[in-house]
Amino acid sequence: MSIGTVASQAAALAAGNLSSRELTRAALDEIEARDGTLNAFINVCAESAMAAATAADELRAAGRAGPLTGIPIAHKDIFCTRGLATTCGSRMLADFVPPYDATVVSRLADAGVVCVGKTNMDEFAMGSSNETSYFGAVRNPWDPAKSPGGSSGGSAAAVAGGLVAAATGTDTGGSIRQPAALTGITGVKPTYGRVSRFGMIAFASSLDQAGVLTRTAEDAAMLLAVMAGFDPRDSTSADVPVADYPATLGDSLEGRRIGVPTEFFDDGLDDECATLVRAALAELEAAGALLREVSLPNLPLSVPTYYIVAPAEASSNLSRFDGVRFGHRAEAVTELNEMYSLTRQQGFGDEVKRRIMTGTYVLSAGYYDAYYLQAQKVRQLIADDFRKAFAEVDLIAGPTAPTAAFALGDKVDDPVQMYLNDIYTIGANLAGLPGASVPCGFTGGLPVGLQLVGPAFSESLVLNVAHQYQLATDWHERRPAGAD
Amino acid sequence: MALSDDEIKHVAKLARLAVSDAEVPDYVGKLSRIIDLVQQLDAVDTSGVTPMAHPLEMAQRLRADDVTEENCRDAYQASAPDVVDGLYRVPRVIE
Amino acid sequence: MAWETVVGLEIHAQLATQSKIFSGSSTAFGAAPNSQASLIDLGFPGVLPVLNGEVVRLAVRFGLAIGATIASRSVFARKNYFYPDLPKGYQISQYELPIVHTGSVEIPLAEGGSKTVRITRAHLEEDAGKSLHENLTDATGIDLNRAGTPLLEIVSEPDLRSAAEAATYMREIHQLVRYLGICDGNMQEGSFRCDANVSIRPTGEDKLGTRAELKNLNSFRFIEKAINYEVERQIDILEGGGQVVQETRLYDADRDETRPMRSKEEANDYRYFPDPDLLPVEIDDSFINQVRADLPELPAAKRKRFIDEFGLRADDVAALTASRAMADYFESVAQAVGNDPKLAANWVVGELAAALNRDDLEIEASRVAPDALAQLLQRIQDGTVSGKIAKEVFEAMWAGEGSADDIIDKQGLKQITDTGAIEKVVDEILANNAAQVQQYRDGNQKVLGFFVGQVMKATQGKANPQQVNELLRKKLS
C-alpha cells in the first residue's frame with residue numbers, strides 16, 4: 001500500500017476507504033521491511049500506535065474526527081513522549097523514559113494523530129549529517145551511501161523513504177530544512193516562538209524551533225495548524241493568533257515580491273545546485289512573482305556567529321546531564337567530580353563534547369565579551385539585514401544547502417567543513433524567521449532544495465509560495481526506489 | 001588561534017568532561033579550527049550595536065502565584081540512577 | 001597598629017510566595033524529601049521556566065522601601081556551576097541587570113545617631129536544594145524541595161565598620177522584609193540567610209583589604225561572633241607578616257571559628273550569560289505606583305512617629321516597633337487608653353513582652369488581645385484597680401480566666417475607695433501598733449511606710465493607696 005501524503009490519507013479516512021488501523025499497520029510494515037537499511041527510527045511503538053489507531057477509528061465512527069484523526073506520523077526523538085523512551089540520539093538518555101509529553105506531542109495526539117515511533121537524529125541535534133547519533137547513522141533513501149543530512153535526518157529519511165507521510169523535526173541551524181533538501185521532501189521551520197519548545201530537549205534555546213517534514217507544503221500546513229500556538233509553559237512562546245494555513249495555500253503569487261540575496265549564490269554553492277535553484281526562481285516568476293535582487297551583507301558571518309551562540313547555550317543546557325536525577329551514570333565512582341566527568345565523558349559523543357567544550361570556552365572568564373557578546377551584536381546585524389530586506393520584498397528565496405547529499409563519512413573528521421553546510425539556513429535561526437525547503441530538482445540522482453524565508457509569523461505566505469511552486473512542478477512527487 | 005593543552009584541560013574541568021591526555025591533541029586541533037572560524041567576528045565593527053539575546057522582542061510573561069504541581073516523586077524518581085528514602089544519592093559532598 | 005573592619009553583607013531573603021519562582025510547586029517548609037520537586041525544579045530534559053509574577057511584585061516592594069531604582073528592564077542570567085543540589089547545572093539569577101539597584105537603609109548606631117548603609121542591588125534568583133549527610137555512609141542524599149524557591153539577594157556596599165554594625169544592619173533588613181510582608185524572616189528554616197564579606201585595613205587607609213566571604217551566618221548572634229573571629233584571624237595574619245587569601249570560609253557555630261570551604265577551593269568561573277529560556281522583565285510606572293500605594297508604614301517612619309506622637313523613649317520605641325504586629329498591637333492599646341500612651345507602652349514592653357517571652361510566643365499569638373489589655377489599663381486609669389492588682393489581673397487574663405472586668409469582679413479585686421471602710425482599717429491598725437505610732441510622732445517619718453503596708457495587707461492590696469496615705473497622715477498628725 002502506498003503511504004501517500006497526509007492529505008491523501010485524510011481524504012481516504014474521511015471517505016471511509018481506509019481505517020487508521022490499516023494506515024498505521026501499513027506504516028509499521030514499511031518500517032519493519034525497510035528501516036533495517038535506513039535506520040530512520042530509534043524506537044518503534046507498534047502496540048501503542050495500534051491502540052491509538054483503534055481509538056482514532058472509534059472517534060471517527062462516533063462522528064468526532066478532525067482533519068488529522070488517525071494519520072500515522074513519527075516524532076523526532078528529541079520530543080519527550082510520556083512512557084516512551086526519548087533518547088535524543090544519545091547514550092546519555094538511551095534508557096530515559098519521560099514522565100510527560102512535549103506540547104508538540106500532546107497537541108498532535110489531541111488532534112488524533114497516531115505516533116508510530118521516534119526517529120533517529122544527530123546526538124542532541126548537533127550535526128548536519130546524522131552521523132553523530134549514538135544509534136548509528138541514518139541512510140539517505142536516494143542512496144544508502146549518502147547522508148540524509150541532519151539533525152532531523154531520521155525524520156527526513158522516514159518521510160522520503162515512504163515509511164510515514166510526515167514526521168516532526170527541530171531546526172536550530174537548518175536541521176529541518178537541510179535534511180528535507182537532501183532527501184527531496186518538504187521541511188518547514190516556523191518563526192521562533194510559533195511552536196512551543198516545552199518538552200523538546202534543548203540544544204540552543206534561543207535558536208531551537210520545532211517544525212515538520214512532509215512530502216508537500218499542503219501536508220505541512222495541515223500539521224502546523226495543529227502544532228502552532230501559544231503555550232503558557234514556554235516563556236518564549238508567542239501569544240500571536242495562528243493563521244489558517246491551509247486556507248491561503250491557493251492564493252495567487254501574482255505580484256508577490258521575492259528577494260534573491262546575492263550572498264546565497266556565493267563560491268561555496270555547487271554549480272548544478274545553483275542552476276536548479278535559478279530554474280526554480282524562474283518558475284516562481286512564471287507563476288506571477290516578481291524577483292528582486294536583495295543583499296544580506298552580514299549573512300556570511302552567520303556560521304561563525306552561530307558557532308559561538310549555539311555551543312554557548314548548549315554547554316549550559318547540557319549541564320543537567322550529570323548522572324543524578326536521570327540518564328546515564330558512570331559506574332564505580334566514589335568521588336563527586338569523578339562521577340560528573342566520567343558520566344559525561346561516557347554519556348556524550350565526540351561532537352557533543354566538542355560543542356560543550358567550545359561553548360564553555362567562549363563563555364569563560366576573559367572571553368565573554370570577545371566571543372559571546374560580539375556574536376550577539378553580529379546576530380543583531382544579521383537580523384537587521386533581514387529586516388531591511390523585508391522592507392522591500394515579501395519573501396526571500398535561494399538554495400537550502402550548498403550541495404546535494406554528501407557521502408557518509410566524508411566530513412566527520414572536519415567539524416568546520418560540516419558546519420559550513422548550514423551556511424544558507426543558519427541566518428533564519430539567528431533572526432528567528434520562518435523558513436522552508438522544497439524539492440527543486442536533481443543532480444546526479446540526488447535531490448536539491450529551494451529555500452524560502454519569510455518575515456516573522458509569515459508561515460501562511462511561506463506555505464502558500466511553497467504550495468504554488470509544487471502546483472507548478474512535480475519534483476516533490478519523485479520517490480526513491482522502494483518508496484511510494 | 002591554537003588553544004594550548006592546558007586550556008583544553010581547564011575547559012574540560014569546567015565542563016566536567018573527563019578528557020584523557022591522549023585525547024588532548026585532537027581537541028586542540030579541532031577546537032583551534034573552530035575558534036579560528038568564529039574569530040572572523042573580531043574584524044566586524046559592532047560599535048553602537050545592541051546585543052541580540054533573543055529573536056523575540058517580547059517581555060517576560062508572568063505566571064499567577066498558584067500551586068499547580070502535585071507530589072509525583074515516585075514517577076519522577078523512576079528515571080534516577082540511585083535513590084534512597086526519596087533522596088537522590090550521590091558520592092559524599094564535602095562542604 | 002589600629003585596624004578598621006570593613007564588612008559588606010549579602011542577605012538572601014526567601015520571598016513569601018505560595019509557589020516557586022519558575023514552577024507551580026509549593027514552597028511550604030518541611031515536606032517529605034523531593035515531594036515538592038516538579039519536573040522544572042528537577043531540571044528534567046525539555047522543561048522550561050515560567051516566572052511567578054508575585055516575586056516581581058515583592059522585589060519591587062522591597063526596592064521602593066529602600067528608596068532604590070526599580071529597573072524598567074531586568075534580565076535573568078544563568079550562573080553555571082556543578083553541584084548536586086543544583087539540578088540544572090546552573091542557577092537562574094540576575095547578573096548585569098538586576099530588578100532593584102542603588103538603594104539604602106538607615107541604621108541606628110550604638111554610640112547614638114545613625115548611619116546610612118548603601119544597598120548596591122537586590123536581585124531575584126532561585127534557591128538550590130539541600131544536601132543531607134545523615135544516615136548515609138560515604139554518600140550524600142539530595143532533597144530538591146527547596147530548589148526553585150524564590151530568593152531576593154540583597155547586596156550591601158562595604159559600608160559596615162564592625163561586627164555589631166553588621167548585626168544591626170542585618171536586623172534592620174530582617175525587620176524591613178517582615179514589615180513589608182515579603183519574607184517570613186524565619187532563620188531556623190533558612191528563610192533569611194546571610195553571607196558576609198569581611199576585610200580589614202589600617203585605620204585611615206582608603207584601599208580595601210583582601211576579603212574573605214563568610215558563609216552560613218544564620219543568626220544575629222552568629223554573624224557578630226563569626227565576623228569578630230574572622231577579624232581577629234585576619235589581624236593575626238597581617239601582624240604576623242602574612243597575607244589574607246581571598247576565599248570562601250564557612251562559619252562553624254559549634255567551634256566558633258571560620259574555616260575554608262572545601263567545595264569552593266577551586267576558582268569559580270560561573271560563565272554568566274542571559275538565560276535564553278526567559279525574556280526581559282519589564283516594569284512600567286503604573287505597576288510601580290500600584291505597589292507604592294500599597295506600601296505599609298516602614299519601621300524608620302514608625303519609630304519617628306512613635307517618638308513624636310506619643311513622646312516615648314527610644315528604647316521603648318525600638319521594642320514596640322520590632323515587628324509590624326507588635327507596633328499594631330501597641331497602637332490599638334494606646335488608642336483605647338486615650339491620653340496615656342506611656343501607660344500602654346509600659347505594659348506592652350513590660351508585662352506583655354515578659355509573658356510572651358516566658359511562653360515563647362510571637363505577638364500574633366498573644367493570649368491577651370489588644371482590646372482586652374486596653375480594658376485592664378482603663379481600670380487602672382479609672383481607679384478600679386491599682387497597678388499592682390492589675391498585674392495579678394493580667395496574669396489571670398493570660399491564664400484564660402476571662403476579661404479584666406470579669407476577673408476583678410469574680411475575685412473581688414475592686415479597689416476600696418470608700419473612705420469610711422478604709423478609715424475603719426486604719427483606726428484598727430493604729431490601735432494595735434501604739435509603739436510605732438509613738439515613733440512616728442517622735443519624728444520617724446519612715447514608719448508611715450510600715451502603716452501603709454499593714455493597711456494594704458489587711459485589705460489584700462485593694463485599698464486605694466492614695467487615700468490610705470492621706471488618712472494615715474491625718475490620723476497621725
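**Exercise 1. Find the residue that stands opposite B:R89, and place it in its sheet.**

*Solution.* Start at B:R89 in this predicted model. Its opposite number is C:G141, which lies in β10(C).

Next, look at the strands themselves. Strand β3 of chain B covers residues 87–91 and strand β10 of chain C covers residues 139–143; the two pair in the antiparallel sense over 4 bridges.

Now widen the view. An open sheet of 4 strands runs in the order β2(B)-β3(B)-β10(C)-β9(C), with antiparallel pairing. At its edges stand β2 (83–84) of chain B and β9 (130–132) of chain C; each has a single partner strand, so one side of each is left without a neighbour in the sheet.

**Exercise 2. Describe the contact between chain B and chain C: how many residues does each chain bring, and how many salt bridges does the rule find?**

*Solution.* Begin with the residues: 35 come from chain B and 51 from chain C.

Then take the area. The two chains bury about 3,800 Å² between them, and 60% of that is on carbon and sulfur atoms. On the chain B side, B:Q60, B:R63 and B:E95 lose the most area to chain C, together 20% of what that side buries.

Now turn to polar links. The rule finds 0 salt bridges across this interface, but it does find 21 residue pairs in polar contact, with both residues at pLDDT 80 or more.

Finally, ask which elements take part. In chain B, α1 (5–14), β1 (62–63), α3 (73–77) and β3 each supply at least two residues of the side that touches chain C. The most comes from β3(B), with 5 residues.

**Exercise 3. Are the faces of β5(C) covered or open, and which residues are the partners of C:R78?**

*Solution.* Count first: strand β5 of chain C spans residues 76–80, and 5 of its 5 residues are buried, where buried means under 20% relative accessible area.

Sort them by side. C:F76, C:R78 and C:N80 lie on one side, C:A77 and C:K79 on the other, and both faces are covered.

Then follow the pairing. β5(C) pairs in the antiparallel sense with strand β6 (residues 90–94) of chain C over 5 bridges; there, C:R78 has C:I92 as its bridge partner. Another 2 bridges join β5(C) to strand β16 (residues 273–274) of chain C, also antiparallel, and in β16(C) C:R78 stands opposite C:F273.

Key:
Residues are numbered from 1 along each chain as its sequence is written. Chains are lettered from A and ligands numbered from 1 in the order in which they are written. This is a predicted model: local features need pLDDT of at least 70, side-chain atom pairs count only at pLDDT 80 or more; totals for chains, interfaces and linings use all residues. Side-chain values use heavy atoms; hydrogens and water are left out. Two strands pair if DSSP finds at least two bridges between them. Contact means heavy atoms within 4.5 Å. Buried area is the accessible area (1.4 Å probe) that two parts lose on being put together, summed over both. A salt bridge is a side-chain nitrogen of Lys or Arg within 4 Å of a carboxyl oxygen of Asp or Glu. A polar contact is a pair of N or O atoms within 3.5 Å; within protein, one must be able to donate a hydrogen and the other to accept it, and residues adjacent in sequence count only if both atoms are side-chain atoms. Buried means under 20% relative accessible area, exposed over 50%, partly exposed in between (1.4 Å probe, protein chains only).
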